[in-house]
Amino acid sequence: MVMEGVSSGVVSGVLRNEQLCAQYHVSWTVRGGLCHSPANQKVCLLDQKNLGSVEELSREVFGNDKYSHEEWTQRLSESNGGLVIVARVRKEKHETTPDSKGNSNLDKRLCDNDQIISFLAAYKHELDIDRMDKAKPSDNEKHDTHKSIRRAKLLHVWMSGTKKSHRGQGMFTRLFQRAEAIARLRGYEGTTLNTYPDRFPQMYRLAVKKLGMSILKDAETPGNKVRLIKRF
């Protein structure tokens, strides 16, 4: 992900605040897999120069190369409001060392390298308020809270994925909440994402029931894909 000001060595106040949003409450206990301690995990913004690591995880999660590196770079460019938040885990390195009596002791240390286990990629999107007004309320959002603006700046969640070994542990929710905090910081009016309810029913239920998103009925999406929106 692109981080404004980093290439020049100058971290702006906005960027620093975005970094804090991404890192807020970053420690949680991951059950099983490589992580057993909150000290092993962190959530952070990803510099665009490291975008290849997220592309690699995307191929692992979805099993295809649907998007070229050029498209990843263009969608997530600074001018397009690109944003990538990742969850990283540091592996434990087990070493056997002898003590003064010649007995072997197992020493657990954190490796210097870490591994991306989950990511969320998003970029700026604009939507006419007339289309926002046609959003169908979700089950937990029966009242209308639309804002009177003509063109709304939104953060569109383009893609997200988690390694199989770490699914079912709330990774997407945590990354989405970080992205939402940054969207609010940027002055955006809400967030959107596209999904297929028939293919990814758990994602659809999570977005609607837990994240408070609503169906945008007239969104132009192919097949059974639906666009969801959450207004701030």
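**Group meeting: aromatic pairs and helices in a predicted model**

Let me begin inside one helix. F172 and F176 both belong to helix α5, which covers residues 171-185, and they are four residues apart, about one turn of the helix. In general, an α-helix has 3.6 residues a turn, so residues three or four places apart point the same way. Are these two residues buried or exposed? F172 is buried, with a relative accessible area of 11%, and F176 also counts as buried, at 1% relative accessibility.

Before going further, I should state that this is a predicted model. The mean pLDDT of the protein is 74, and 60% of its residues reach 70 or more. Residues 1-12 have a pLDDT below 50, and this stretch has 31 contacts in the model beyond near neighbours in sequence. Over residues 106-112 the pLDDT likewise stays under 50, and there the model has 24 contacts beyond four places in sequence.

Now to the overall organisation. The protein has 232 residues, of which 42% count as buried. It contains six helices and eight strands. Read from the N terminus, the elements follow the order α-β-α-α-β-β-α-β-β-α-β-α-β-β. Among contacts with a separation of 6 or more, 73% are between residues 24 or more positions apart. The accessible surface comes to about 12500 Å², and 47% of that surface belongs to carbon and sulfur atoms.

I turn next to the aromatic residues. How many aromatic pairs does the structure hold? There are four. One of them joins Y67 and W158 in an edge-to-face arrangement, 4.9 Å centre to centre with 70° between the planes. Y67 sits in the loop between α2 and α3, whereas W158 is in strand β5, residues 151-162, so this pair ties together parts that are 91 residues apart in sequence. Y67 counts as partly exposed, at 23% relative accessibility, while W158 is buried, with a relative accessible area of 13%. The pair from my opening, F172 and F176, has ring centres 5.9 Å apart and planes at 40°, so it is tilted. In addition, Y67, W72, F119 and W158 form one aromatic cluster.

Strand β5 deserves a further remark, since A152 also lies in it. At 0% relative accessibility, A152 counts as buried. The C-alpha atoms of A152 and H125 are separated by 8.2 Å, although the two residues are 27 residues apart along the chain.

Finally, consider helix α2, residues 51-62. What span should its 12 residues have? At 1.5 Å a residue they should span 16 Å, and the C-alpha atoms at the two ends are 17 Å apart, which agrees. Which residues of α2 are buried? They are L51, V54, E55, L57 and S58. These residues cover an arc of only 165° around the axis, which puts them on the same side of α2. Just after α2, G63 takes a positive phi of about 70°.

To close, I would recall two points. In α2, the buried residues lie on the same side, because their arc around the axis is only 165°. Between Y67 and W158, an aromatic pair ties together a loop and a strand that are 91 residues apart in sequence.

Note on methods: Residues are numbered from 1 along each chain as its sequence is written. This is a predicted model: local features need pLDDT of at least 70, side-chain atom pairs count only at pLDDT 80 or more; totals for chains, interfaces and linings use all residues. Side-chain values use heavy atoms; hydrogens and water are left out. pLDDT is the predictor's confidence in each residue, from 0 to 100. Contact means heavy atoms within 4.5 Å. The expected span of a helix is 1.5 Å times one less than its number of residues. Buried means under 20% relative accessible area, exposed over 50%, partly exposed in between (1.4 Å probe, protein chains only). The arc is that of the directions from the helix axis to the C-beta atoms. Accessible areas come from the Shrake-Rupley method with a 1.4 Å probe; for residues, only the protein chains shown count as cover. Rings of Phe, Tyr and Trp (its six-membered ring) pair if their centres lie within 6.5 Å; planes under 30 degrees apart count as stacked, over 60 as edge-to-face and the rest as tilted.
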